[in-house]
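Welcome, and thanks for taking a look at this one with me. Let's walk through how charged side chains pair up, both between chains and within a chain.

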Amino acid sequence: MTGLQGVRNLDAVIGQLSAGLEIVAIRRLGNPDDARDAVQETIARLLERIRAGTIASDDEVVPIAWGIAKHVIADALRARSRETEVDGEVALSAPDALERLVTSEQRAAVAAGLAQLTPSDRELLKRCFVDGERIGAIAAQLGEPAERVRKRKSRALARLAAVLEAPSRPCHESAAPPMEER
Amino acid sequence: MTTPCLRVDDAARYVAGTLPADAIDAFEEHLLACAVCQGEVRVGAAARLGLRGSAEPLVAPLPAPDPARGSARLRARALAVLGVAAAAVLVLTVQARRNAPLRALAAYSPPVFVGATVRAASDSGDSERAAARVDLAMAAYAAGDFRVAAARLNAAATADSTAGVAFYLGAAQLASGDARGAIAAFRRAAAVAGNPYAEDAAVGAAKAFLRLGLADSALAVLANPAVGAAPAVQALADSIRSRRR
């Protein structure tokens, strides 16, 4: 089976890829407009490959898309270095660039969302997303089981997500037993 | 039942910038196909924005109810909303206090201009005009009129790409409140290898980032190996790190 028939659920695959590509492109390029262009270019090249029949199944889509995306982003960075900041655009560090994922409406809601959390939950989110500490290290310092801290973080994030009206199903929110208990 | 994602901590450390460089590629490839990690990164980025303390105001909605016209139920709801808003104001106040030490580091005194040659040597009519603009700009700079100096240097920089012009443009812009313009100018000043302005330009760019509340970007500028060993650069980087703890 080749071509568009080779990839099942094409719309769903492309939708999920686009959302992930947007995050990666913004982090690497630091500019939402450049990121949008990079996502569109990547998807266009990916669809060409699918139409040409060189991608036979769903399993091949993500690695090929990732390879294309890296080339597209590298090209954008090279083009930007040639332009040498003609437009005065400020390149941000990667963590600061990711904050451009937050829409203006969400920015207005962030403070209210955080205010609904307990001080200890705010501190936990800060240690995770600002300081970048591992859950295991935080749990050890607090003297609590890692899974309990993980669930607390997950619930706090879900409450914030509800305020932001953003999709939030944290990685570790799962009915499956935690790794430590298996 | 959803399949558990084993990238439990990676998404948070990706947002925070502490995921090791050699793990980023693999995580980003995973991110393309993992909706749960995408959600974690998006909400985590919002959490980081609110919790790291930002120079940009995070506006909490504060409706203005009219209790005299509303029912008791509406008044109760209004009070609840006001309670949330008051808590949000409290969070912002705490963040502002937490951010105060970093704001102190953003203080910037433009270097004194002692009349050294800033512009490129002129050998044509165009460059003579550009040189004259630079001289006029530096006269304003020396007089402490940084806004005028920035405007003149900005015009001169279109024809004169020397590091000196870019550096003093950055200094004048930062002194007159244009942090974003200053970052771009300081970066041009630091981009020319081996020029005498590179270290001061890195410090200036870092202070401009601090003024915008972007401490990670400030540290990234100071980590540039071309200038990172300079005492002033190291001292500012150490101060940022110690005040964030």
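The notes below go through salt bridges in this structure, which is a predicted model. Over all chains, the count comes to 21 salt bridges.

**Between chains: B:D25 and A:R28**
- The side chains of B:D25 and A:R28 form a salt bridge, with 2.7 Å from N to O.
- This pair runs from helix α2 (residues 21-33) of chain B, home of B:D25, to helix α1 (residues 10-29) of chain A, where A:R28 sits.
- B:D25 is partly exposed at 31% relative accessible area, and A:R28 is also partly exposed, at 27%.
- Both residues belong to a salt-bridge network that links A:R27, A:R28, A:K70, B:D25 and B:E28.

**Between chains: B:R48 and A:D96**
- A salt bridge also links B:R48 and A:D96, whose closest N and O atoms are 3.2 Å apart.
- Because B:R48 is in helix α3 (residues 35-51) of chain B and A:D96 is in helix α4 (residues 94-98) of chain A, the pair joins two chains.
- Here both partners, B:R48 and A:D96, are buried.

**Within chain A: A:R159 and A:D121**
- A:R159 and A:D121 make a salt bridge, and their closest N and O atoms are 2.8 Å apart.
- A:R159 lies in helix α8 (residues 146-164) and A:D121 in helix α6 (residues 119-129), both of chain A, so the pair ties together parts that are 38 residues apart in sequence.
- A:R159 counts as partly exposed at 37% relative accessibility, whereas A:D121 is buried at 5% relative accessible area.

Conventions:
Residues numbered from 1 in each chain as written. Chains lettered and ligands numbered in written order. Predicted model: local features only at pLDDT ≥ 70, side-chain atom pairs only at ≥ 80, totals over all residues. Heavy atoms only, no water. Salt bridge = Lys/Arg side-chain N within 4 Å of Asp/Glu carboxyl O. Helix = DSSP H or I, 4+ residues; strand = E, 2+ residues; numbered from the N terminus. Buried < 20%, exposed > 50% of the residue type's maximum accessible area, 1.4 Å probe, protein only.
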